[in-house]
Each structure stands twice: as structure tokens, then as C-alpha cells.
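Good morning, colleagues. Please look at the sequence and the structure on the screen before I begin.

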Amino acid sequence: MAENRLPFVRDTTFAEDVGRIRTRRGPENMATLRSLAVSTLRRAGHQNSAAALRHVSYQPFTLPLDLLGIS
């Protein structure tokens with residue numbers, strides 16, 4: 001089950017299957033960025049990715065950087 005969890009979260013939270021990026025390395029790059037986002041949110045203790053994305057979006061210029069330890 002764990003190996004199927006990340007693709008499921010990427011598809012349901014980020015609507016990956018309906019993405020319009022289809023050429024060259026675009027899909028791979030976007031999947032990597034989505035996986036980074038999910039992993040960062042989980043490492044920060046969030047269990048629900050959709051709720052965590054909403055929470056982070058309230059302060060889009062500070063919270064994502066805080067999660068990555070960049071600010």
C-alpha cells in the first residue's frame with residue numbers, strides 16, 4: 001500500500017492525470033516537484049496533503065520557504 005500512496009496523493013491532490021504538460025521532460029519534472037511538495041508536507045507533520053496545501057497557501061511567500069528551511 002505504501003508504494004501506491006504517493007501516486008494516489010499526487011493524482012488526487014494535484015490532479016496530475018489532467019495536467020497539460022506532456023512533452024519532453026516536463027511530466028517527469030512536474031512529478032518530481034509534486035513529490036517534493038508532498039514529502040516536505042509529510043516531514044512537517046501534515047497527514048492530509050490537501051489541507052496542508054490550503055494552510056500553506058494562506059501565506060504563500062513565507063510558509064513554503066519555512067517548511068524547506070530556506071527563510
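I shall go from the whole chain to one helix, and then to a few residues. Please bear in mind that this is a predicted model.

Let me begin with the overall architecture. The chain contains four helices and zero strands, and along the sequence the pattern reads α-α-α-α. Taken along the principal axes, the C-alpha atoms occupy a box of roughly 35 × 30 × 20 Å.

How much of the chain is buried? Of the 71 residues, 21% fall in that class. The accessible surface amounts to about 5500 Å², with 57% of it contributed by carbon and sulfur atoms. As for contacts between residues at least 6 apart in sequence, 44% of them link residues at least 24 apart. On charge, the chain carries 10 positive and 6 negative charges, and the mean positions of the two sets lie 4 Å apart.

I turn now to helix H2, which covers residues 26-43. Does the end-to-end distance of H2 agree or disagree with the expected span? At 1.5 Å a residue, its 18 residues should span 26 Å, and the C-alpha atoms at its ends are 26 Å apart, so the two values agree. After H2 comes Gly 45, which has a positive phi, near 100°.

Which residues of H2 are buried? They are Gly 26, Ala 31, Arg 34, Ser 35, Val 38, Thr 40 and Leu 41. I should like to take two of these in turn, Arg 34 and Ser 35.

Arg 34 is a residue of helix H2. Why does Arg 34 count as buried? Its relative accessibility is 15%, and the cut-off for a buried residue is under 20%. Setting aside neighbours within four places in sequence, Arg 34 makes contact with Arg 10, Phe 14 and Glu 16.

Ser 35 also belongs to helix H2. With a relative accessibility of 14%, Ser 35 is classed as buried by that criterion. Beyond residues up to four places away in sequence, Ser 35 touches Leu 6 and Arg 10. Arg 10 is therefore a contact of Arg 34 and of Ser 35, under a criterion of heavy atoms within 4.5 Å.

Let us move to helix H1, residues 2-14, where Asp 11 is located. Asp 11 has a relative accessible area of 28% and is therefore partly exposed. How far apart in space are Asp 11 and Arg 34? The C-alpha to C-alpha distance is 9.7 Å, and the two residues are separated by 23 residues in sequence. With neighbours within four places in sequence left aside, the contacts of Asp 11 are Glu 16 and Asp 17. Glu 16 thus appears in the contacts of Asp 11 and in those of Arg 34, again with heavy atoms within 4.5 Å.

My last topic is the salt bridge. How many salt bridges does a search of the whole structure find? It finds one. The partners are Arg 25 and Glu 28, with their closest N and O atoms 2.7 Å apart. Arg 25 counts as exposed because its relative accessibility is 54%, whereas Glu 28, at 45%, counts as partly exposed.

To close, I return to the two helices discussed. Arg 34 in H2 is buried, while Asp 11 in H1 is partly exposed. Thank you for your attention.

Notes
Residues numbered from 1 in each chain as written. Predicted model: local features only at pLDDT ≥ 70, side-chain atom pairs only at ≥ 80, totals over all residues. Heavy atoms only, no water. Helix = DSSP H or I, 4+ residues; strand = E, 2+ residues; numbered from the N terminus. Buried < 20%, exposed > 50% of the residue type's maximum accessible area, 1.4 Å probe, protein only. Areas by Shrake-Rupley, 256 points an atom, 1.4 Å probe, with all protein chains shown as cover. Lys, Arg positive; Asp, Glu negative; His and termini not counted. Charge placed at Lys NZ, Arg CZ, Asp CG, Glu CD. Expected span 1.5 Å × (residues − 1). Salt bridge = Lys/Arg side-chain N within 4 Å of Asp/Glu carboxyl O.
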